[in-house]
Amino acid sequence: MKDFIKVLRRFLPPYKGDTTMMFVYNLLGAIFGVFSLGAIVPVLDTFFNKSVEVSVLEKMPWELKTDVVMHNFNYYITLIKTEYGPEYTLFFIAVVALTMVLFKVLFTFLGSYHSVNIRNGVVRDLRLQIYNKMISLPLPFFSAEKKGDIIARSTGDVQEVEISVMSSIDMIFKNPIMILVYLIGLLSISAQLTLFVFIMLPIAGYIIGLTGKKLKKSSRDGQNKMGDILSTIEESLSGLRIIKAFNAEEKMHIRFSEESNSYRRIMNSMMRRYVLAHPVSEFMGTLVMLTIMCYGGMLILNGTGNLTGSTFIAYLGMFYMIIAPAKAFSKAAYTIQKGLAAMDRIDQLLEAKSTITDKENAKSVSEFGNSIHYKNVTFSYNGERNVLKNVNLEIPKGKTVALVGQSGSGKTTFVDLLPRFYDVNEGSINVDGIDIRDYKMKDLRNLMGNVNQESILFNDTIFNNIAFGVESATMEDVVAAAKIANAHDFISATENGYNTNIGDRGSKLSGGQRQRLSIARAVLKNPPIMILDEATSALDTESERLVQDALDKLMENRTSLVIAHRLSTVKNADLICVFHEGEIVERGKHDELIEKGGAYKKLYDMQLL
Ligand code: ADP
């Protein structure tokens, strides 16, 4: 319960207006509900012809009290009856009751009208928070946490919270009001009988509640399992090529069915508890109802209290109206447990600490002055194996440094440290003599442009993909960048030119075209430092020439760090660093290294072959 109130405190404040309106409308709805039932008492009396002899009552001075209101209502009824006869009275009361019900449903509707806005608003807020967190978290978080699991948290779990928020809003702002108002109605009809009900209800509630225990834990287990399932689906979809090539369908099938079966077991046990709630509460409800009928019947027969046949029927009607919200109470208790479990999982994501953040007095920087300096840099992804070992490298402004070496030797890791995708474990990286951890991260990253092996493009127009990192880019800017990147011609040839949508991850374009778009994007951003991971994917000679030409133009007058796969880049580089198992084992210009006949010569000969 405490957890649950905490959750409401977190999410309801922006919806104060809606909450207040909902409260007021529900209160009015419940009050009209009571009066609509109260109105049937005179109907019954007329019907049973009991009060034909009753003379006109004395009118009481108006007061906002149930018995005063009821008394005066009866006063008017008797007045009408003596004046116009019982048939007309019957019709009159029916119209009054109908009007009451009309108001009741109208106000109940208005209450729900506002609760819908709260419900959808809270869910939107939560989804936004998750998304913002997701894109603000540093890369290391995602290598540890699985993608599918994050997707599960931001879809399935949010849905659970949605359902539980909905029922909890009812539970707090609707049901208690209804129960309270109806209880007042019941008390005003017969205090004795209501006292009896007060003793019965908690006992019934306790028995119903017993079945709901343990629900939270199995619900969380279920959601965790769902995360695994989504992870497997995600992996399988992106690795379909490999699965087929290795004939691993059977293996993946077995893995997936194991996960699905275990999910089924957890959900079976949970849902069985869940569906148990209904029969238990129905049985208990009937039991309570019958007990009241017996007790009330006895009160009438014995003539104790002021209960009559017709007030008793109104009483039962009112009591019946309490059952629905009371039942909803017990059901909400279940749903809220499930929702809280989902909220826990979402919070694990929301509370994940960003390990890579700005320092308090981080410095601004808008220009790159003279050098990048890697000093004794050691780095490990998992704290066990060092992927980079005590690496030193100084890159003066305006130079091109090519990184070569076997795959897995640490080149990508080396360049990823510069924009602080990861932070070094030991040593430091300085830009213009200042540790990059002392700069504002946004400024630091603004100094750099990235072109990756796998062009990362978004499902959007060509224009928006090129203008991605630059605010308020004009069409002229974008076209100029595309021309430099040798992309203008193929873009013009597409159906809608720069407004053509390139599909999911640029799937409507060829590899070379995707590369040139990401080069154009870097050209437009125009940063002083370029980080390039050259494409190794087989491009045909024509597009390789276009891409290479675009890259050469991109590197002109910039400081570039290039993970090089092409001999041409390597030959022209100011410095070549040969990586081997996390160390730079050789460095120098192309001719020097060839002459030396060491590791570089070996790599070079291998490539020539
Ligand atoms: P290269 O770019 O030279 O091919 P990488 O820098 O990508 O080499 O990788 C260096 C080493 O770090 C490899 O052994 C690789 O397995 C490991 N590695 C790379 N990325 C991660 C990661 N996100 N988590 C854990 N280990 C990683």
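Tutor: Let's start with a word we'll need a lot: a residue counts as buried when its relative accessible area is under 20%, as exposed when that area is over 50%, and as partly exposed in between. One more thing before we look around: what you have in front of you is a predicted model.

Student: Okay, let me try that on Asp125. Is Asp125 buried or exposed?

Tutor: Asp125 has a relative accessible area of 17%. That is under the 20% cut-off, so Asp125 is buried.

Student: And what is Asp125 paired with in a salt bridge?

Tutor: General idea first: side chains of opposite charge can pair when their charged atoms come close. Here, Asp125 has Arg124 as its salt-bridge partner, and their closest N and O atoms are 3.1 Å apart. Arg124 is partly exposed, at 47% relative accessibility.

Student: How many salt bridges does the structure hold?

Tutor: There are 12. A nice one to find is Arg10 with Asp347, where the closest N and O atoms are 2.9 Å apart.

Student: Which parts does that pair tie together?

Tutor: Look at where the two ends sit. Arg10 belongs to helix 1 (residues 2–11) and Asp347 to helix 13 (residues 309–350), so this salt bridge links parts that lie 337 residues apart in sequence. The two ends also differ in cover: Arg10 is partly exposed at 40% relative accessible area, while Asp347 is buried at 12%.

Student: What about Arg420, is that one buried or exposed?

Tutor: Buried, with a relative accessibility of 2%. The side chain of Arg420 meets that of Asp423 in a salt bridge, 2.8 Å from N to O. And salt bridges can share partners: Asp149, Arg153, Asp157 and Arg345 are joined into one network that way.

Student: Now the ligand. How many residues surround the ligand?

Tutor: To read a binding site, list who is around the ligand, then look for particular contacts. In this model 13 residues surround the ligand, and the closest are Arg385, Gly408, Lys411, Thr412 and Thr413. Sorted by class, that shell has 8 polar, 3 nonpolar and 2 charged residues.

Student: Which helix gives the most to the shell?

Tutor: Helix 14, residues 411–416, which gives 3 residues.

Student: Where do polar atoms of the protein meet oxygen atoms of the ligand?

Tutor: Try three spots. At Thr412, a polar side-chain atom lies 2.4 Å from a ligand oxygen. At Gly410 the contact is through the backbone, with a polar backbone atom 3.0 Å from an oxygen of the ligand. Ser409 uses its backbone as well: one of its N or O atoms there is 3.2 Å from a ligand oxygen. As for cover, on its own the ligand has 560 Å² of accessible area, and the protein covers 65% of it.

Student: My notes mention phi. Which sign does phi have in most residues?

Tutor: Most residues other than glycine have a negative phi. That makes positive values worth a look. Asp432 has a positive phi, near 55°. Asp432 sits in the loop between strand 4 (426–431) and strand 5 (434–435), and is partly exposed at 24% relative accessibility.

Student: Where does Glu581 lie?

Tutor: In the loop between strand 9 (575–580) and strand 10 (583–588). The phi of Glu581 is positive too, near 45°, and Glu581 is exposed, with a relative accessible area of 52%.

Student: How many disulfides does the structure hold?

Tutor: The count is 0. You can still use cysteines to practise reading accessibility: Cys294 is exposed at 52%, whereas Cys577 is buried at 0%.

Student: Last one. How far apart are the C-alpha atoms of Ile179 and Ile323?

Tutor: Try comparing a gap along the chain with a gap in space. Ile179 and Ile323 are 144 residues apart along the chain, and their C-alpha atoms are separated by 8.6 Å. Ile179 is in helix 8 (residues 175–189) and is buried, at 16% relative accessibility. Then take Asp3 and Asn459, which are 456 residues apart along the chain with 40 Å between their C-alpha atoms. Asp3 is in helix 1 and is partly exposed at 36%.

Terms used:
Residues are numbered from 1 along each chain as its sequence is written. This is a predicted model: local features need pLDDT of at least 70, side-chain atom pairs count only at pLDDT 80 or more; totals for chains, interfaces and linings use all residues. Side-chain values use heavy atoms; hydrogens and water are left out. A residue is near a molecule or strand if one of its heavy atoms lies within 4 Å of it. A polar contact is a pair of N or O atoms within 3.5 Å; within protein, one must be able to donate a hydrogen and the other to accept it, and residues adjacent in sequence count only if both atoms are side-chain atoms. Accessible areas come from the Shrake-Rupley method with a 1.4 Å probe; for residues, only the protein chains shown count as cover. Helices (H or I, at least four residues) and strands (E, at least two) are DSSP runs, numbered from the N terminus. Ala, Val, Leu, Ile, Met, Phe, Trp, Tyr, Cys and Pro count as nonpolar, Asp, Glu, Lys and Arg as charged, and the others, Gly among them, as polar. A salt bridge is a side-chain nitrogen of Lys or Arg within 4 Å of a carboxyl oxygen of Asp or Glu. Buried means under 20% relative accessible area, exposed over 50%, partly exposed in between (1.4 Å probe, protein chains only). A disulfide is a pair of cysteine sulfur atoms within 2.5 Å.
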